[in-house]
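Please work through the exercises below with the sequence and the structure open beside you, and try each task before reading its solution.

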Amino acid sequence: MKRSPMIRDKSVDPARAAARDTLRAVRERDAYANLILPKILRERGITGRDAALATELAYGSARAQGLLDAVIASAADRPVDEIDGRVLDVLRLGVYQLLRTRIGAHAAVSTSVDLIRSEAGMGPAGFVNAVLRKVSQRDEDLWIDDLAPSIADDLIGNLAFRYAHPRWIAQVFDDALGGSAGRLQAALAADDERPPVHLVARPGLITAEELALVSDGEVGRYSPYCVYLAGGDPGDLEAVRDGYAGVQDEGSQLVGRAMTVAEVTDDAGRWLDMCAGPGGKAALVAAIADIDGARLDAVEVSEHRAELIRKVVGDLPVDVYVADARSSGLTPGYDRILLDAPCSGLGSLRRRPEARWRRTPDDVDELVVLQRELLAEALRLVRPGGVVVYSTCSPHPAETTGVVADVLAAHPEVEQIDARPLVSADSMGDGPHVQLWPHIHGTDAMFLAALRR
Ligand SMILES: C[S@@+](CC[C@H](N)C(=O)[O-])C[C@H]1O[C@@H](n2cnc3c(N)ncnc32)[C@H](O)[C@@H]1O
């Protein structure tokens, strides 16, 4: 591969250059950090400690962007949108190192100056040096005390700033948590951390205990298929490469499993996953279907994502349909349906570093309309006595309890059943729905509700 000039420059640290180029791709091309960074590392042959450092700096800086920008604007005495983008990327990396890592101030500043000098020259390097030296005079708490809204005036704004979330998202979490500052603080803090990798042991191929043994991991708390990986790249594991295991958040496993364990009398084995791409839950459900003698129809509107489903389900009993699930043409009469609806993803922000700064409240309004239509169609496709599991990787009340309440109001023939026994985790509240949380369950903030027609 063609190496960029800054990589050849001996003064530039390859790990930091990889992190900088990731932030640039995120800023300039709306790239996803967790897709672009692994590619950069692979292409440049960066492994081991350098790869770990690049990952920490790129993901950490992307996740903390709002906090970092407020500090940069204050230290530079100008809004960040008046700072050249390439300089801003390097400043974000530098401020992240100063405030949120144990890297010494001298190393954080000098490596940042090297990064920008190699591609933009002495002027921008002097600016980066001056801003970072000013930032280095205080620690993170002092900067937060200076710049965050006061606790007395705006508690949610203060917590949002402190834990690097847009205020509107902190407000959504607060609404979903029922307005307790302690709970909100714990939720935001957990969401501000780098999440552990969860593996799924594919039923029928390997047990969680066996997978824990070969991966040096720990068996999960709730999902019988889950293993918590202690560290390292899951792609290096033979079990993952051979398809015996995959990467999947424990909450997502619990949702897939819930659809298969709900009580359905005379289950004829006609199962449907209505929004199945890229196939994480479909693969788990299909493996269980294989054991139970059932067959899964998997619908996905995007051809590319449908192809990902085909790859991950392999020879399992699955038929993949590329269609809009609101008008798929499938014959009604399903025993079990999983509707893992397209959603804002506010419950898995910890796994998508830059996502929190891209989402807007308007995204949610459009999604809610689609979610209602999809759920109404699921209720049309399920047979009397059958069960629909509705789930989102978002705790936003409009996308969760709001959608369920609206659709139930229009369908008196449908009852909501208690989803808690289908999940069997701790602290699941009063039901009948289940809302999982990173700070309580260690999972993404998945929601699920179970409806019987
Ligand atoms: C939350 S994701 C599903 C994740 C999946 N269940 C998994 O575990 O891998 C929602 C999926 O729904 C698809 N989708 C969006 N609108 C759709 C529609 N109208 N009909 C079918 N699929 C749709 C999206 O392309 C996306 O792949």
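The exercises that follow concern a predicted model, and each task is answered step by step.

**Exercise 1. The domains and one of their contacts**

Task: State into which domains the protein chain is divided, and describe the contact between domain 2 and domain 4.

Solution. Begin with the division of the chain, which gives domain 1 (5-135), domain 2 (151-191), domain 3 (200-247) and domain 4 (250-452). Next, take the centres of domain 2 and domain 4 over their C-alpha atoms, and the separation comes to 27 Å. The contact itself draws 13 residues from domain 2 and 13 residues from domain 4. On the side of domain 2 that touches domain 4, helix 11 (167-177) and helix 12 (181-191) each supply at least two residues, and helix 11 gives the most, with six residues. Finally, sort the residues of this side by class, which yields 10 nonpolar, one polar and two charged.

**Exercise 2. Packing of two helices**

Task: Describe how helix 2 and helix 4 pack, and which residues make their contact.

Solution. Two packed helices are described by the angle between their axes and by the distance between those axes. For helix 2 (residues 14-29) and helix 4 (residues 48-63), the angle is about 30° and the axes are 8 Å apart. The handedness comes next, and helix 2 passes helix 4 in a right-handed crossing. On the helix 2 side, the contact is made by Pro14, Ala15, Arg16, Ala18, Ala19, Thr22, Leu23 and Val26, while helix 4 brings Asp50, Leu53, Ala54, Leu57, Ala58, Ser61 and Ala62. By class, the contact of helix 2 with helix 4 has 11 nonpolar, two polar and two charged residues.

Helix 2 also holds alanine 25, which counts as buried because it has 20 C-beta neighbours inside 10 Å, and 20 or more is the cut-off for that class. Not counting residues up to four places away in sequence, alanine 25 touches Ala31 and Ile36.

**Exercise 3. Three residues of an annotated binding site**

Task: Decide for alanine 276, glycine 277 and proline 278 whether each is buried or partly exposed.

Solution. First, locate the residues: the unreviewed UniProt entry places a "binding site" at Cys275, Ala276, Gly277, Pro278, Gly279, Gly280, Lys281, Glu300, Asp324 and Asp340. Glycine 277 is found in the loop between strand 5 (270-273) and helix 16 (280-292), and that loop is also the place of alanine 276 and of proline 278.

Second, apply the cut-offs, by which a residue with 20 or more other C-beta atoms within 10 Å is buried, one with 12 or fewer is exposed, and one in between is partly exposed. Alanine 276 has 31 such atoms and is therefore buried; glycine 277, with 24, is buried; proline 278 has 17, so it is partly exposed.

Third, list the contacts, leaving aside neighbours within four places in sequence. Alanine 276 touches Ala282, Ala298, Val299, Glu300 and Ile309. Glycine 277 is in contact with Glu300, Ser302, Arg305, Ala306, Leu308 and Ile309, and proline 278 with Arg305, Leu308 and Ile309. Glu300, which the record includes in the binding site, is thus one of the contacts of alanine 276 and one of those of glycine 277.

**Exercise 4. The annotated active site**

Task: Find the residue that UniProt marks as "active site" and describe its surroundings.

Solution. The annotation, from an unreviewed entry, covers Cys393. A further annotation from UniProt, "domain: SAM-dependent MTase RsmB/NOP-type" (unreviewed entry), covers residues 173-453, and over this stretch the chain is 38% helix and 21% strand. Cysteine 393 is found in the loop between strand 9 (382-392) and helix 20 (401-410). Its environment follows from a count: cysteine 393 is buried because 26 C-beta neighbours lie inside 10 Å. Leaving aside neighbours within four places in sequence, cysteine 393 is in contact with Cys343, Gly345, Gly347, Ser348, Asp444 and Met446.

**Exercise 5. Positions far apart along the chain**

Task: How far apart are the C-alpha atoms of alanine 258 and serine 424?

Solution. Alanine 258 is found in helix 15 (residues 250-261). Although alanine 258 and serine 424 are 166 residues apart along the chain, their C-alpha atoms are separated by 9.4 Å. Alanine 258 is buried, with 27 other C-beta atoms within 10 Å, and its contacts beyond four places in sequence are Val389, Ala419, Leu422, Val423, Leu448 and Ala450.

Key:
Residues numbered from 1 in each chain as written. Predicted model: local features only at pLDDT ≥ 70, side-chain atom pairs only at ≥ 80, totals over all residues. UniProt positions renumbered as here; feature names shortened; annotations may be inferred. Helix = DSSP H or I, 4+ residues; strand = E, 2+ residues; numbered from the N terminus. Contact = placed C-beta atoms within 7 Å. Domains from an automatic or database assignment. Nonpolar A, V, L, I, M, F, W, Y, C, P; charged D, E, K, R; others polar. Axes fitted to C-alpha atoms, helices over the stretch in contact; angles between N-to-C directions. Left-handed = near helix turned anticlockwise from the far one by under 90°.
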